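Biologist: I'm new to this one, so could you take me slowly through the place where the two chains meet? Please explain your terms as you go.

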2 protein chains.
Amino acid sequence: MRRSDVVVVGAGLAGLTAARELTAAGRDVVVLEARDRVGGRTLNHDLGDGKVVEAGGQFAGPTQDHVLALAKQVGVETFPAYTQGASVYVHGGRARRYRGDIPPDPLALPDLGIAMRRINQLARKIPLDAPWRAPKARAWDSVTFESWIRHTTAGSGALDLVNVLLGSAFGGSAADASLLYSLWYIAGFGNETTPGTVERGIGVTGGAQEFRFTGGSQLISQRIGDELDGRVVLGTPVRAIEQDGDRVTVRSDEDTWSARHVVVAVPPALAARISWRPLLPPQQDALFSRMAFGALMKCEAVYPEPFWRADGLNGQAVFRHGSPICSMFDNSPPDGEPGVLMGFLGGPQWHTWATRPPRERRAAVLRAFAAAVGKPALQPVAYFEQDWVGEEWTRGGPTSVPGTGVLTELGPWRDRPFGRVHWAGAEHSDHWNGYMDGAVRSGETAARAVLGHE
Amino acid sequence: MRRSDVVVVGAGLAGLTAARELTAAGRDVVVLEARDRVGGRTLNHDLGDGKVVEAGGQFAGPTQDHVLALAKQVGVETFPAYTQGASVYVHGGRARRYRGDIPPDPLALPDLGIAMRRINQLARKIPLDAPWRAPKARAWDSVTFESWIRHTTAGSGALDLVNVLLGSAFGGSAADASLLYSLWYIAGFGNETTPGTVERGIGVTGGAQEFRFTGGSQLISQRIGDELDGRVVLGTPVRAIEQDGDRVTVRSDEDTWSARHVVVAVPPALAARISWRPLLPPQQDALFSRMAFGALMKCEAVYPEPFWRADGLNGQAVFRHGSPICSMFDNSPPDGEPGVLMGFLGGPQWHTWATRPPRERRAAVLRAFAAAVGKPALQPVAYFEQDWVGEEWTRGGPTSVPGTGVLTELGPWRDRPFGRVHWAGAEHSDHWNGYMDGAVRSGETAARAVLGHE
């Protein structure tokens, strides 16, 4: 039995942040990670020649102060996502250029405007730290986001466009999520002084997609891993956690650790799969079980250069109907060499496309890219996919989307410590829940909780 | 490594039925059960003097042909639930006697009638073996059952009464479930020749609560366990299942078994917690993860005799608002000695009451019983509770209630064999899903699938 002050389970951004804070406070910490790498839902894909591109979480933006500060501390720089030129809206076989963050659909636009204003109004009524205390919490948690959008708007265009956005944001659609959860999630697109809005969530300039990290977002975790030199144990899935009043025993297939405190920083649905003694409180088990992740794959094509830029395009596109991709971004490295297009394949599209033969899916993705930026997109020098749903230690992406009834009945159990066990992970943050910033915040909070609990 | 033709995981009704059928077909079978008993969600509570009362699944009724036939085969008799006299509807401090299965709420009744007729009409449109192919499947799966009831009825009375029924049926409320799932669940209240209706689900005489099993429902499993003499291994939680093309390896904490086929007959959400090699198909993992169980506790009070019978009461009651109990039944043994009242404490009430001090909860339950049948209910000779949510190997009750979006996107994966692994359990049946009859049907189907796969 090996001993440590604190065992952290999971070497994603949340766990590593907690370990870093606790180490800085003088505690002896070990981080047990199931994968053979750090970074969790962030993952750099090697393009050769020292270049990388992100295959997992990658963007940051204003009010995401915590991940931006952490990156700075570990010497990872940011650069602006490429935004020069026009975006493209692909709908019904037609591609239409536009500026800004809202696709120019003449039929959907008025409704979308109404829905967004109303969402922002309602989101302001949600107590971020206790959405179940919102004035109409029970009613808002008993209807789906889709039901509410249908009720609020006249046609189906606004719903369609919201679902395009949710394909990547939820890895799902408005039918999967409760209205209360959706409003709360949007209310969290801010920091302690700036309330969240839809615009900040979906925006590139001024929004959550404004920055990328030089060297790839996983570099932040790799840098912390290096700092924690020798304290991160890879390839070590934790199977069981037992506690009496004084110490916690953490069992992997290989080793057993004894600690005074434990921070579990894995997705809640996976935390519920650990064998607990005593058992998790049934409400916490029930909540974590219901926090299953959405379905998301990233599909990326590499070209000798970002040819679309010369054509006045920024590489961003939104696809309505008929495409496996819901949205596309220019994912080239900061110097623009090589050119990379990245498409989100999520939610209903994932369910349609994930089981198709890879060649067929690749062809459909490239056709979508080509519909937005032209035929050269059909001839990439490389193409790769990262399917987060098949990842044993994530089981989907990008985050968990509680359905109706969950938040009001079980929400208060999300962050409640279980004896000497504290929780971290992107799903344990009120601000930027499910984002890298939320992960960092949760790790900081968990570290403070451990120190306060000693 | 021990060898067997078939390993069955789980000795509830489904697993035992599969093991019985496979043994009858000449196969060498072993059943691995995590608990130290057989019976899964059926559980006899010992009243002393050779008397028992059910603390888990207990009722059966017309069209539940499979559990009734199985009971007959293993020599377990049925007796009619006690129905002589009036039921009681408790609402707003008033108790009102009534006959039949529908509480006599003058404000709710017209709406409830409309809703029930409409539900029965829509349920007939659902293909029981493929609800995702219903004409409006996508639309019906994007709204909650609550949204639909609100839309269909004028006041809130019908919704309230539906929620009282769902407190025990779903261990939840109409806000938790998709409309499509709810319609499909009700469509399954029948057999191959008789379509399901709301009435058959909620009814006592002529409905799903018509019969009980002499000696308690768990006796069926105990009898099969005896038949399988030596082939049921208790106290053996299965942790990992690995397969190559030819054989399946099943690992518990103690032993490792090698089999040609495996039947996994545990709740889907628990099946997802097994460590699988190769991994479960991500869609099946995602579905099973989303099949978390509702919240249900049974609260039972024992009296020297069923004193309410002399007062012209059948011991049945429905409680609207203000009570921890949603419905109550006379749960006395067949000879009426002693008298037992059983209350379902489920769904929202579970969330309110499960964390209260046991004495406080007991007092509130007995007050509810007394409101229905009079003050003698306050003085039981014994009182016990069975909370299925805290059971490590069930994690809730009585069944899983998929939220919106789940059935249309993931439903087809429910019963799909995974290599040499087949699925059983009450949640794997189209008829009487979540009921004992569904469990038996699923076990029979799984046994046939194994034999057909050889």
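Modeller: Let's start with a term: buried area is the accessible area (1.4 Å probe) that two parts lose on being put together, summed over both. Between chain A and chain B that comes to about 3100 Å², with carbon and sulfur atoms giving 43% of it. Bear in mind that this is a predicted model, where local features need pLDDT of at least 70 and side-chain atom pairs count only at pLDDT 80 or more, while totals for chains, interfaces and linings use all residues. Residues are numbered from 1 along each chain as its sequence is written, chains are lettered from A and ligands numbered from 1 in the order in which they are written, and side-chain values use heavy atoms, with hydrogens and water left out.

Who takes part? Chain A brings 39 residues and chain B brings 39 residues, where contact means heavy atoms within 4.5 Å.

Now the links across the boundary. There are eight salt bridges between chain A and chain B, each being a side-chain nitrogen of Lys or Arg within 4 Å of a carboxyl oxygen of Asp or Glu. For one you can look up, B:Arg277 pairs with A:Glu392 through their side chains, at 3.0 Å from N to O. Polar contacts join the two chains as well: 22 residue pairs, both partners at pLDDT 80 or more. A polar contact here is a pair of N or O atoms within 3.5 Å; within protein, one must be able to donate a hydrogen and the other to accept it, and residues adjacent in sequence count only if both atoms are side-chain atoms.

On the chain A side, the elements giving two or more residues are α5 (145–152), β13 (275–277), α11 (282–289), α12 (348–353) and α14 (406–410). The largest share, four residues, comes from α11(A). Helices (H or I, at least four residues) and strands (E, at least two) are DSSP runs, numbered from the N terminus. By class, this side of chain A has 13 nonpolar, 15 polar and 11 charged residues. Ala, Val, Leu, Ile, Met, Phe, Trp, Tyr, Cys and Pro count as nonpolar, Asp, Glu, Lys and Arg as charged, and the others, Gly among them, as polar.

Finally, the symmetry. A turn of 180° and a shift of 0.0 Å along the axis lay chain A on chain B with an RMSD of 0.0 Å, which is the relation of a two-fold axis. Copies are superposed by least squares on the C-alpha atoms of residues with pLDDT of at least 70 in both. Both copies use the same surface, as 100% of the contact residues of chain A recur in chain B. To find the axis, look for A:Arg273: of the residues of chain A, its C-alpha comes closest, at 2.6 Å.
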